[in-house]
Amino acid sequence: MEYSGIGSTGRLGVQISEEIMESILQHMRKSYPAEGCGILFGKPLDGGNSWSINKFLPCRNLSPSPGKEFLLDPKVWIPGSLSPDLTGIVHSHPVSGPEPSLKDLKQLQQFGAMIKLYLIVSTSPTVSRNAAFSGHKNPPHFSFYGVESGESGEYTLLKLSIQSQADVFKSD
Ligand SMILES: [Zn+2]
């Protein structure tokens with residue numbers, strides 16, 4: 001099973017299997033009430049207009065305030081960042097929705113040049129409507145973003161039109 005979507009501008013799409021999505025959600029659920037984080041690896045499709053995610057690598061969150069922010073463990077992040085398959089970063093929000101915080105946008109400047117995709121999963125029980133993620137009957141809220149470089153040289157996040165609605169999990 002796989003689902004895919006395309007950004008509202010049509011510039012970037014993402015394909016990710018339900019199996020990989022499930023392993024991401026499990027890691028985020030285990031990390032709760034801290035923010036969970038990890039790295040996404042993949043391959044470009046359509047000459048780089050879309051990305052196929054083929055691996056999720058969970059990463060310890062070494063932030064001293066792990067309930068409010070994330071800091072990727074350099075033991076995982078540094079080798080991961082050297083991989084030609086590095087595609088994106090994922091982290092969770094235990095108390096808010098899957099929208100980037102100001103801190104996230106500030107931190108993005110450190111690695112915006114290296115990634116194409118940015119995924120945020122909300123593990124907030126009130127936001128996700130679902131404490132247990134199994135079965136996808138009530139999938140948690142998550143949002144995919146494309147990483148764009150703005151005119152000022154700052155990296156920004158462009159929300160892709162892939163939503164956490166039940167119907168995104170389509171069978172082949
Ligand atoms: Zn965040």
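This is a short walk through the fold of one protein chain, from its strands to its core and its less certain stretches.

Hi everyone, and thanks for having me. A quick word on ground rules. What we have is a predicted model, where local features need pLDDT of at least 70, side-chain atom pairs count only at pLDDT 80 or more, and totals for chains, interfaces and linings use all residues. Residues are numbered from 1 along each chain as its sequence is written.

Let me begin with confidence. By pLDDT I mean the predictor's confidence in each residue, from 0 to 100. The protein has a mean pLDDT of 82, with 79% of its residues at 70 or more. Among the elements, strand E5 has the highest mean, 97, and strand E1 (residues 2-6) the lowest, 52. Please keep two stretches in mind: pLDDT stays under 50 over residues 128-138, and again over residues 163-172.

Now the overall layout. There are four helices and eight strands. I take these as DSSP runs, numbered from the N terminus: helices are H or I with at least four residues, strands are E with at least two. Along the sequence, the pattern reads β-β-α-β-β-α-β-α-β-α-β-β. I call two residues in contact if their C-beta atoms, placed from the backbone, lie within 7 Å. Of the contacts with a separation of 6 or more, 64% are between residues 24 or more positions apart.

So which strand shall we start from? I'd pick E5, residues 86-93. Here I need one more term: a residue is buried if 20 or more other C-beta atoms lie within 10 Å of its own, exposed if 12 or fewer, and partly exposed in between, with C-beta atoms placed from the backbone. Across the protein, 37% of the 172 residues count as buried. In E5, eight of the eight residues are buried, so this strand is largely enclosed by the rest of the structure.

What does E5 pair with? Two strands pair if DSSP finds at least two bridges between them. E5 pairs with strand E3 (residues 37-45) in the antiparallel sense, over five bridges. E5 also runs parallel to strand E6 (residues 117-122), joined by six bridges. To get from E5 to E6 the chain passes through helix H3 (residues 102-111), and this β-α-β crossover is right-handed; that is, with the strands pointing away from the viewer, the path from the first strand over the helix to the second runs clockwise.

If you have the structure open, you can follow a line of bridge partners across the strands. Start at Leu40, whose partner in E5 is Gly88. Gly88 in turn has Leu117 as its partner in E6. From Leu117, step to Gly146 in E7, and from Gly146 to Leu158 in E8.

Those last two steps bring in the remaining pairs. E6 and E7 (142-149) run antiparallel, with five bridges. E7 and E8 (residues 155-159) are also antiparallel, over five bridges. Five residues lie between the strands in the hairpin of E7 and E8, and Gly153 there takes a positive phi near 90°. E7 is mostly covered, with six of its eight residues buried. Glu148 sits in E7, and it is partly exposed, because 16 other C-beta atoms lie within 10 Å. Glu148 touches Tyr155, Thr156 and Leu158, leaving aside residues up to four places away in sequence.

On to the inside. A nonpolar core here is a set of buried Ala, Val, Leu, Ile, Met, Phe, Trp, Tyr and Cys residues joined through C-beta atoms within 7 Å. The largest one has 31 residues, and those with the most contacts inside it are Leu40, Leu117, Leu119 and Val121. E6 gives the largest share, five residues. Take Leu119: beyond four places in sequence, this residue touches Leu40, Gly88, Val90, Phe142 and Phe144.

Two loops to finish. In the loop between helix H1 (18-31) and E3 you will find Pro33. A cis peptide bond joins Tyr32 to Pro33, with omega about 10°. The loop between E3 and E4 holds Gly48. Is Gly48 buried or exposed? Gly48 is exposed, because just 11 other C-beta atoms lie within 10 Å. Its C-alpha is 9.2 Å from that of Gly13, with their positions 35 residues apart in sequence.

That's my tour, thank you!
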